[in-house]
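Colleague: I should like to go through this model with you and ask what justifies the terms used for it. Please set each value against its criterion.

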Amino acid sequence: MQFLASDALARARRVRLVIFDVDGVLTDGRLWYGPGGEELKAFHAFDGHGIHLLRMGGIDTAIISGRESQAVEERARELGIVHVVQGASDKRRAFERMLRKVRAKRAATAYMGDDVVDLPILTRCGFACAPHEAPEDVRRRVHYIASASAGHGAAREVCEFILEAQGKLERVLARFRK
């Protein structure tokens with residue numbers, strides 16, 4: 001079930017940068033390892049296209065992840081996400097550095113995270129989002145809880161909500177209906 005804080009729409013209208021965690025947001029959170037010990041990740045095309053739609057709507061995108069993975073680098077490159085921080089042991093510091101680098105204000109930033117390690121960003125950004133599997137401690141502190149599952153459209157749902165709040169969704173989608 002989707003949850004919206006009373007001010008979620010107003011907060012989403014201000015968003016100019018959307019930052020995503022990876023494991024448990026853009027993936028279902030499971031960690032897979034290949035025979036050589038390499039880390040494998042499964043990303044859903046729905047979520048990737050949602051990120052593409054954001055960019056078509058003039059909204060910048062980024063990734064902050066606590067883990068490091070070549071798969072994340074490849075997926076970010078594929079989606080045109082240029083602001084990528086991996087191995088962030090202190091997500092708050094990574095967030096603050098990213099804001100300075102891209103010259104963004106907290107209130108104009110959305111973040112989608114799924115666990116307590118994301119709280120330092122979720123409690124500081126303008127629009128905090130989580131997939132519905134997030135633990136209660138996270139769910140109590142966000143403005144939007146997706147009805148879709150992590151790695152299976154939750155990020156897409158957030159992307160479309162932001163675009164709809166800003167009156168951009170129909171214009172962006174119209175490009176595909178020609």
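Modeller: Let us begin inside the sheet, where β7 and β8 pair in the parallel sense over 3 bridges. The coordinates are those of a predicted model.

Colleague: What makes β7 and β8 a pair?

Modeller: The criterion is at least two bridges between two strands. β7 and β8 have 3 bridges, so they pair. Within this pairing, Tyr-111 stands opposite Ala-128 in β8. On the other strand partner, 4 bridges join β2 to β7, again in parallel, and Phe-20 stands opposite Met-112 in β7.

Colleague: Which strands make up the sheet, and in what order?

Modeller: The open sheet has 7 strands in the order β1-β9-β8-β7-β2-β5-β6, with mixed pairing.

Colleague: Why are β1 and β6 called edge strands?

Modeller: Each of β1 (3–4) and β6 pairs on one side only, so they are the edge strands.

Colleague: How do you know that both faces of β7 are covered?

Modeller: Thr-109 and Tyr-111 lie on one side, Ala-110 and Met-112 on the other, and all four are buried. Buried requires a relative accessible area under 20%. In a regular strand the side chains alternate between the two faces of the sheet.

Colleague: Which residues touch the most other members of the largest nonpolar core?

Modeller: That core has 36 residues, and those with the most contacts to other members are Val-18, Phe-20, Leu-54, Met-112, Phe-127 and Ile-162. Elements that each supply at least two of its residues include α2 (45–56), β2 (17–20), β7 (109–112), β8 (127–130) and α7 (154–165). The largest share, 8 residues, comes from α7. Beyond four places in sequence, Ile-162 touches Ala-12, Val-15, Val-18, Leu-54, Ile-59, Ala-110 and Phe-127. Apart from this core lies another, of 20 residues, among them Leu-17, Ala-94, Ala-128 and Ile-145.

Colleague: What makes α7 largely enclosed by the rest of the structure?

Modeller: Of the 12 residues of α7, 10 are buried, so the helix is largely enclosed. The buried residues include Arg-156 and Glu-157 as well as Phe-161, Ile-162 and Leu-163.

Colleague: How do you know that the span of α7 is close to the expected one?

Modeller: The distance from the first C-alpha to the last is 17 Å, against 16 Å expected at 1.5 Å a residue. Just after α7, Gly-167 takes a positive phi of about 70°.

Colleague: What are the corresponding values for helix α4?

Modeller: Helix α4 (residues 91–102) has 12 residues and reaches 16 Å, close to the 16 Å expected. At its start, a side-chain oxygen of Asp-90 comes to within 3.2 Å of the backbone nitrogen of Arg-92. The limit for a polar contact is 3.5 Å. After the helix comes Arg-103, with a positive phi near 55°. The buried residues of α4 are Lys-91, Ala-94, Phe-95, Glu-96, Met-98 and Leu-99, and they pack against β2, β5 (60–64), β6 (83–85), β7 and α5 (119–122).

Colleague: Why is the pair of Phe-127 and Phe-161 called stacked?

Modeller: Ring centres must lie within 6.5 Å, and planes under 30 degrees apart count as stacked. Phe-127 and Phe-161 have 5.9 Å centre to centre and 20° between the planes, so both conditions are met. Phe-127 lies in strand β8 and Phe-161 in helix α7, so the pair ties together parts that are 34 residues apart in sequence.

Colleague: What makes the pair of Tyr-144 and Phe-161 tilted?

Modeller: Their ring centres are 4.8 Å apart and their planes stand at 45°, so the pair is tilted. Tyr-144 lies in strand β9 (residues 144–145) and Phe-161 in helix α7, so this pair links parts 17 residues apart in sequence. Both Tyr-144 and Phe-161 are buried. Phe-127, Tyr-144 and Phe-161 form one aromatic cluster.

Colleague: Why is Glu-68 called exposed?

Modeller: The threshold for exposed is over 50%. Glu-68 has a relative accessible area of 60%, so this residue is exposed. Glu-68 is placed in the loop between β5 and α3. Leaving aside neighbours within four places in sequence, Glu-68 is in contact with Glu-39, Gln-86 and Gly-87. The C-alpha atoms of Glu-68 and Gln-86 are separated by 5.1 Å, with the two residues 18 apart along the chain.

Terms used. Residues are numbered from 1 along each chain as its sequence is written. This is a predicted model: local features need pLDDT of at least 70, side-chain atom pairs count only at pLDDT 80 or more; totals for chains, interfaces and linings use all residues. Side-chain values use heavy atoms; hydrogens and water are left out. A nonpolar core is a set of buried Ala, Val, Leu, Ile, Met, Phe, Trp, Tyr and Cys residues joined through side-chain atoms within 4.5 Å. Buried means under 20% relative accessible area, exposed over 50%, partly exposed in between (1.4 Å probe, protein chains only). Contact means heavy atoms within 4.5 Å. The expected span of a helix is 1.5 Å times one less than its number of residues. A polar contact is a pair of N or O atoms within 3.5 Å; within protein, one must be able to donate a hydrogen and the other to accept it, and residues adjacent in sequence count only if both atoms are side-chain atoms. Rings of Phe, Tyr and Trp (its six-membered ring) pair if their centres lie within 6.5 Å; planes under 30 degrees apart count as stacked, over 60 as edge-to-face and the rest as tilted.
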